[in-house]
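Please open the model in your viewer and keep the sequence panel beside it. The stops below each begin with a selection to make and then say what is to be found there.

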Amino acid sequence: MIKVSVMYPHQSNARFDHAYYRDKHMPLVQERLGSACRFYTVDKGLVGGSPGEAPTYVAMCHIYCDSVDAFNKAFAPHANEILGDIPNYTDLTPVLQISEVVVGQP
């Protein structure tokens, strides 16, 4: 199993609509990816490494798929629509990482 992590680095004065991300964007992603998306999680950054420090990431999502190939095949036909929705909830540029899940698979 792989995990596609999309992370939004915290920046002062940046805009991020958590409700839109949670209630509209991520359900759109899940719908477009179909069965390739086994499940996903959404994180909202609270604090960094020290009390009162800004979070490293204001938000993250983690999309779980069987393989990189399965993700790519499901994402590619909808990439323009999914990426085009980003300005509806943020002006931040996301950071993407794909990882192999080695512990904690369902």
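Is F16 buried or exposed? Select F16 to begin: with a relative accessible area of 14%, F16 is buried, where buried means under 20% relative accessible area, exposed means over 50%, and partly exposed lies in between, computed with a 1.4 Å probe and protein chains only. Before going further, note that this is a predicted model, in which local features need pLDDT of at least 70 and side-chain atom pairs count only at pLDDT 80 or more, while totals for chains, interfaces and linings use all residues. Residues are numbered from 1 along each chain as its sequence is written, and side-chain values use heavy atoms, with hydrogens and water left out.

**The surroundings of F16**

Keep F16 selected and add its contacts (heavy atoms within 4.5 Å). Not counting residues up to four places away in sequence, F16 touches Y8, Y21, V58, A59, Y89, T90 and L92.

Now show the aromatic rings, for which a pair requires centres within 6.5 Å, with planes under 30 degrees apart counted as stacked, over 60 as edge-to-face and the rest as tilted. By this rule there are 9 aromatic pairs. In one of them, the ring centres of F16 and Y21 are 5.2 Å apart and the planes stand at 70°, so the pair is edge-to-face. Y21 is buried, with a relative accessible area of 1%. Widen the selection to Y8, F16, Y20, Y21 and Y89, and you have one aromatic cluster.

**The nonpolar core**

Next, select Y8, F16, Y21, L33 and I63, which are the residues with the most contacts inside the largest nonpolar core, a group of 22 residues. A core here is a set of buried Ala, Val, Leu, Ile, Met, Phe, Trp, Tyr and Cys residues joined through side-chain atoms within 4.5 Å. Two or more residues of this core come from each of β1 (2-9), α1 (18-33), β3 (57-65) and α2, these elements being DSSP runs numbered from the N terminus, with helices (H or I) of at least four residues and strands (E) of at least two. Strand β3 gives the most to this core, with 5 residues.

**Salt bridges**

Turn to the charged side chains, and count a salt bridge wherever a side-chain nitrogen of Lys or Arg lies within 4 Å of a carboxyl oxygen of Asp or Glu. By this rule the count comes to 5 salt bridges.

Select R32 and E81, whose closest N and O atoms are 2.8 Å apart in a salt bridge. R32 lies in helix α1 and E81 in helix α3 (residues 79-84), so the pair ties together parts that are 49 residues apart in sequence. R32 is partly exposed at a relative accessible area of 25%, and E81 is likewise partly exposed, at 37%. Adding E31 to the selection shows a network of salt bridges that links E31, R32 and E81.

Move on to D66 and R38, a salt bridge with its closest N and O atoms 2.3 Å apart. Because D66 lies in the loop between β3 and α2 and R38 in the loop between α1 and β2 (39-44), the pair ties together parts that are 28 residues apart in sequence.

Then select K73 and D69, which form a salt bridge with the closest N and O atoms 3.2 Å apart. These two residues, K73 and D69, are 4 residues apart in helix α2 and are thus separated by about one helical turn. K73 is exposed, with a relative accessible area of 59%, whereas D69 is partly exposed, at 44%.

**Two loop residues**

Which residues does D85 contact, leaving aside its neighbours within four places in sequence? Select D85, in the loop between α3 and β4 (95-100), and its contacts appear as Y20, H25 and L28. D85 is buried, with a relative accessible area of 7%.

For the last stop, select N13 in the loop between β1 and α1. Most residues other than glycine have a negative phi. The phi of N13, however, is near 65°, a positive value in a residue other than glycine. N13 is also exposed, with a relative accessible area of 80%.

Terms used:
Phe/Tyr/Trp six-rings, centres within 6.5 Å; stacked < 30°, edge-to-face > 60°.
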